[in-house]
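Subject: Structure handover

Dear colleague,

I am passing on the structure below, and I would be grateful if you could keep it open while you read the notes that follow.

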Amino acid sequence: MKLLEEKIRQEGRVLPGNILKVDHFINHMIDPEIVTAMGEDFYQHFKDQGINKILTLEVSGIPMAFAAAQFLKVPVLFAKKISSLTLGEDVYASRVTSYTKKKTYDIMVDRHYLTAEDRVLIIDDFLARGEALNGLLDLCQQAGAEVVGVGIGIEKAFQEGGKKHRQAGIEIYSQARIAGFEEDQVIFVEES
């Protein structure tokens with residue numbers, strides 16, 4: 001998605017440890033124009049898949065999942081990282097490790113909201129090592145839900161997550177695929 005790539009080129013910052021800082025327009029402060037465009041792009045890519053639910057992980061995936069849901073006209077379910085009294089104990093749970101936060105989380109969804117009748121589109125802001133995606137796929141598998149595709153805002157294609165999941169037969173559509181970083185510059189994968 002050229003619009004997202006250009007936004008990353010202009011406003012993204014490369015930090016030590018192969019971290020791309022885009023929190024001022026995607027995952028901390030939200031630029032509604034770019035996130036809405038991302039949602040519409042996910043819609044265009046996945047609109048014929050019979051999706052009836054979008055699944056994401058709190059917190060960073062919610063804005064783009066919501067934007068896509070507006071176009072697809074389906075609900076968004078987000079896996080929670082923190083249990084609450086309202087969530088209860090009748091949940092599917094999985095464990096994920098965050099590279100950027102250096103923490104491991106138990107993620108959960110209420111069993112009533114993810115079922116074997118669901119055709120799920122998973123959406124998340126980043127794909128690097130694939131840990132969050134592993135957890136979201138695991139939740140779907142526990143529920144017997146069919147994952148029809150995965151939409152990713154930014155993929156670090158130089159890390160193993162995308163390749164590993166594609167080899168497992170999962171359709172992944174990434175709007176911006178990063179080949180690597182050179183000093184403070186983001187180098188994108190040249191699509192053929």
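A residue is called buried if its relative accessible area is under 20%, exposed if that area is over 50%, and partly exposed in between. Please bear in mind that this is a predicted model. By the definition above, Arg-166 is partly exposed, because its relative accessible area is 28%.

Arg-166 forms a salt bridge with Glu-155, with 2.8 Å between the closest N and O atoms. This pair links distant parts of the chain, since Arg-166 belongs to helix α6 (residues 161-167) and Glu-155 to strand β8, eleven residues apart. Glu-155 is buried, with a relative accessible area of 1%, and its side chain also meets that of Arg-177 in a salt bridge (3.2 Å, N to O). Here too distant parts of the chain are linked, as Arg-177 lies in strand β9, 22 residues apart from Glu-155 in β8. Arg-177 counts as partly exposed, at 22% relative accessibility.

The strands just named belong to an open sheet of six strands, which has mixed pairing and the order β4-β3-β7-β8-β9-β10. The edges are taken by β4 (76-79) and β10 (185-188), each of which has a single partner strand, so one side of each is left without a neighbour in the sheet. From one strand to the next, the twist averages 30°. Strands β8 (residues 146-156) and β9 (residues 172-182) run parallel and are joined by six bridges, and Val-150 stands opposite Ile-172 in β9.

Helix α1 packs on this sheet, where it touches β8, β9 and β10, and its direction makes about 30° with that of β9. Helix α4 (residues 62-72), for its part, lies across β3 (53-57), β4, β7 (119-127) and β8, and runs at about 175° to β3.

Helix α1 (residues 2-11) also meets helix α3 (residues 32-46), their axes coming within 10 Å and crossing at roughly 145°. The residues that make this contact are Leu-3, Leu-4 and Lys-7 of α1 together with Ile-34, Ala-37 and Met-38 of α3; by class, five are nonpolar, none is polar and one is charged.

Lys-7 is buried, with a relative accessible area of 15%, and its side chain meets that of Glu-11 in a salt bridge (3.0 Å, N to O). Both residues lie in helix α1, four residues apart, about one turn of the helix. Glu-11 is partly exposed, at a relative accessible area of 29%, and a network of salt bridges links Lys-7, Glu-11 and Asp-31.

With best regards

Notes. Residues numbered from 1 in each chain as written. Predicted model: local features only at pLDDT ≥ 70, side-chain atom pairs only at ≥ 80, totals over all residues. Heavy atoms only, no water. Axes fitted to C-alpha atoms, helices over the stretch in contact; angles between N-to-C directions. Helix = DSSP H or I, 4+ residues; strand = E, 2+ residues; numbered from the N terminus. Contact = heavy atoms within 4.5 Å. Nonpolar A, V, L, I, M, F, W, Y, C, P; charged D, E, K, R; others polar. Pairing = 2+ DSSP bridges. Salt bridge = Lys/Arg side-chain N within 4 Å of Asp/Glu carboxyl O. Buried < 20%, exposed > 50% of the residue type's maximum accessible area, 1.4 Å probe, protein only.
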